[in-house]
Amino acid sequence: MARDEPIGQQAAAADLRRSFRPKWRKLLPERIARTILLLCSGVSILTTAGIVLVLVFEAFQFFREVSVLEFVTGTKWTPLFASKQFGVLALVAGTTLVAIGAMVVALPLGLLSAIYLSEYAPDPIRRTVKPILEILAGIPTVVYGYFALLFVTPLLRGISEDIAVFNGLSASIVMGIMILPMVSSLSEDAMRAVPRALREGAYALGATKLEVSTGVVIPAALSGIVASFILAASRAIGETMIVTIAAGQNPSFTLNPLVPIETMTAYIVQVSLGDTPTGTLEYKTIFAVALSLFAITLLMNLLSQYVVRRFREEYE
Amino acid sequence: MAAITPSEFRKRMARRKWQGRVFHGLCLLAVCIALTMLAVMLIYIVAQGWSRVSWSFITSFPSRHPDRAGIQAALLGSIYLVAIAGVASFVLGVGAAIYLEEYAARSRFARIVQINISNLAGVPSIVYGILGLEVFVRSMDLGKSVLAGGLTLALLILPIIIIAAEEAIRAVPPSLREGAYGLGATRWQAIWHLVLPQAFPGILTGVILAVSRAIGETAPLIAMGALTFVPFAPDGLLSRFTALPIQIFNWTSRPQAGFHEAAAAGIIVLLVALVIMNGAAVIVRNKFQGPNAG
């Protein structure tokens with residue numbers, strides 16, 4: 001600053017500089033807000049970390065007493081009996097059975113519904129039917145469990161007497177209905193994203209609507225459709241209440257849908273509701289089972305994201 | 001390609017058209033089956049439970065006698081849970097969404113959180129129950145209280161709320177923020193006075209929909225240790241509790257037909273609550289969004 005400037009001018013310049021300097025009164029709330037917001041977004045990461053840490057730590061305690069090999073290869077699951085066996089495959093078989101059954105219901109119905117909504121339905125019908133189908137996904141799962149045990153099972157037992165009161169079939173059918181909107185909505189979104197010009201090109205070559213749907217639209221939307229299948233299967237694997245209510249509490253290494261079984265999720269509920277003392281080996285089983293469940297569903301979700309990223313057809 | 005005769009062409013064309021009609025019918029049939037299942041389920045439940053829905057059903061406590069059993073404890077428990085989960089996830093979710101959209105957009109941190117959220121959304125709900133048991137019930141020593149249950153549900157619906165809030169914030173035009181900066185506002189002032197009020201209806205819609213998911217959740221609450229038979233209303237945040245879906249589950253698992261009717265009546269109450277919440281979400285969206293908003 002020049003020394004020979006008039007005093008008044010110097011003061012004015014200093015004033016001006018000061019007024020542009022950030023004020024702590026203004027900046028402090030800014031800093032605080034930013035920090036709090038950062039912490040909020042950290043919670044979602046902490047949740048993931050918490051899930052992984054809790055499951056790994058507690059499962060580690062469990063695997064100090066039971067060998068991993070016995071756990072992943074054994075086919076008998078009897079931790080709550082006097083002669084304990086820890087073969088998780090019995091629970092995995094139950095889970096797989098119900099998930100496959102649910103997909104057998106949800107895949108054809110969901111995919112055909114998606115084709116109808118995307119290719120055939122006039123716009124007003126599509127706009128009405130799609131939200132109604134999505135109601136199915138919003139109904140609490142305990143309601144489906146009630147419906148499976150008290151409506152579908154008696155119906156099935158009326159057809160064949162060989163079907164037990166608790167069975168995988170009834171749970172599968174009802175769960176298939178539950179995950180159907182997942183398949184239909186996501187697949188329909190993928191099909192509608194296929195550009196019109198592709199369809200028109202096929203029509204110009206004389207293709208019928210069936211040929212356009214199955215020969216052009218489905219292949220073009222395949223990555224989205226497959227991703228919706230994987231997500232629906234993952235949802236079926238993690239679903240709890242339908243299988244707890246309708247499929248039984250009898251872990252068995254079988255793919256027979258007519259007998260009582262037990263899924264991984266239903267086992268966790270069974271122990272949570274029972275009077276197993278915390279800290280015992282029996283109690284720690286739920287963490288080992290939950291860790292397996294978490295790992296399986298996480299892999300499937302990553303797979304579906306990969307399918308979308310890797311196999312997406314871009315039309316620009 | 002060998003040429004075909006006109007009569008052969010007509011024959012093939014007829015077959016292709018016929019196949020097309022069959023396929024159209026199949027697709028329509030699939031939609032009809034799905035809609036029929038929904039209708040059958042709702043009609044069956046109403047037929048089973050309608051006679052049990054009454055004021056005394058809503059205000060009675062559970063009982064060993066099916067015809068005297070009611071849902072007061074369960075309904076109040078669910079209201080507590082939804083209030084706690086709603087407030088906690090609203091604060092955390094909106095805070096996270098503001099940070100991700102306004103402060104850290106396109107940063108590495110935001111991308112990691114984004115990937116994390118999409119994976120969290122696929123975690124089975126019962127796993128959240130185990131997390132709640134270890135973190136809220138044991139480590140924080142909240143006991144198997146309604147507060148621990150509400151916080152567990154808050155974590156469960158947090159990804160849904162963050163995604164909804166992010167979309168609502170993203171829809172606020174950037175010109176609004178730039179105008180505020182031009183007038184000398186700080187970032188937080190622009191967010192608090194301009195962005196949040198604009199985004200609020202969208203956020204609120206997302207919160208209501210997420211909370212309506214929480215109200216139907218059973219498995220995480222059972223895993224974190226909620227009771228199935230509670231003859232008292234919750235009297236505070238640390239009270240033990242049950243919830244409407246747990247009560248329905250409990251009645252469904254009993255052999256007596258009388259309890260099955262009570263379960264159906266409980267389902268009717270639960271579904272009515274869901275319809276009201278979803279209706280509220282639609283009204284909020286339509287009422288607050290101007291004609292030119294997305």
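Reader: In this predicted model, does Asp141(B) count as buried or exposed, going by its C-beta neighbours inside 10 Å?

Author: The count for Asp141(B) is 9 C-beta neighbours inside 10 Å. A residue with 12 or fewer is classed as exposed. Asp141(B) therefore counts as exposed.

Reader: Where in chain B is Asp141(B) found, and what is its phi?

Author: Asp141(B) sits in the loop between α5 (125–139) and α6 (146–170) of chain B. Most residues other than glycine have a negative phi. Asp141(B) is not a glycine, although its phi is positive, at about 60°.

Reader: Does Met241(A) count as buried or exposed, given the other C-beta atoms within 10 Å?

Author: Met241(A) lies in helix α11 (residues 241–246) of chain A. It has 31 other C-beta atoms within 10 Å, and the class of buried residues begins at 20. Met241(A) is therefore buried.

Reader: Which residues of chain B does Met241(A) touch?

Author: Residues up to four places away in sequence are not counted here. Within chain A, Met241(A) touches Thr141(A), Val142(A) and Gly145(A). In chain B the residues touched are Thr218(B), Ala219(B) and Phe249(B).

Reader: What distance separates the C-alpha atoms of Met241(A) and Pro140(A)?

Author: Met241(A) and Pro140(A) are 101 residues apart along the chain. Their C-alpha atoms are separated by 9.1 Å.

Reader: Which helix gives the most to the side of chain A that touches chain B?

Author: The contact takes 64 residues from chain A and 64 residues from chain B. On the side of chain A, the residues divide into 43 nonpolar, 17 polar and four charged. With 18 residues, the element that gives the most to that side is helix α2 (residues 24–63) of chain A.

Reader: How are helix α5 of chain A and α1(B) oriented to each other?

Author: Helix α5 (residues 123–138) of chain A packs against α1(B) with the axes 10 Å apart and an angle of about 50°. That angle is neither under 35 degrees nor in the range from 65 to 115, so α5(A) is oblique to α1(B). In handedness, the crossing of α5(A) past α1(B) is left-handed.

Reader: How many nonpolar residues are in the contact of α5(A) with α1(B)?

Author: From α5(A) come Val129(A), Ile132(A), Leu133(A), Ile135(A) and Leu136(A). They meet Val31(B), Ala34(B), Leu35(B) and Leu38(B) of α1(B). The contact has no polar and no charged residues, and its nonpolar count is nine.

Reader: Within chain B, how does α1(B) lie relative to α11(B)?

Author: Helix α1 (residues 6–49) and helix α11 (residues 257–288) of chain B pack with axes 7 Å apart, at an angle of about 120°. That angle is above the range of 65 to 115 and not over 145, so α1(B) is oblique to α11(B). The handedness of this crossing is left-handed.

Reader: Which residues of α1(B) make the contact with α11(B)?

Author: On the α11(B) side are His260(B), Glu261(B), Ala264(B), Ala265(B), Ile267(B) and Ile268(B). Taken by class, the residues of this contact are six nonpolar, three polar and one charged. From α1(B) the contact uses Ile45(B), Val46(B), Gln48(B) and Gly49(B).

Reader: How does α8(A) run relative to α9(A)?

Author: Helix α8 (residues 196–204) and helix α9 (residues 209–220) of chain A have axes 10 Å apart and an angle of about 150°. Their crossing is right-handed. Angles over 145 count as roughly antiparallel, so α8(A) is roughly antiparallel to α9(A).

Reader: With which residues is Ala220(A) in contact, leaving aside its neighbours within four places in sequence?

Author: Ala220(A) is in helix α9 of chain A. With 19 C-beta neighbours inside 10 Å, just one class applies, so Ala220(A) counts as partly exposed. Its contacts are Val194(A), Leu198(A) and Glu313(A).

Reader: What distance separates the centres of domain 1 and domain 2 of chain A?

Author: The domain assignment gives domain 1 as 7–64 and domain 2 as 89–311. Their contact takes eight residues from domain 1 and seven residues from domain 2. Taken over C-alpha atoms, the centres are separated by 42 Å.

Technical notes. Residues numbered from 1 in each chain as written. Chains lettered and ligands numbered in written order. Predicted model: local features only at pLDDT ≥ 70, side-chain atom pairs only at ≥ 80, totals over all residues. Domains from an automatic or database assignment. Contact = placed C-beta atoms within 7 Å. Helix = DSSP H or I, 4+ residues; strand = E, 2+ residues; numbered from the N terminus. Nonpolar A, V, L, I, M, F, W, Y, C, P; charged D, E, K, R; others polar. Axes fitted to C-alpha atoms, helices over the stretch in contact; angles between N-to-C directions. Left-handed = near helix turned anticlockwise from the far one by under 90°.
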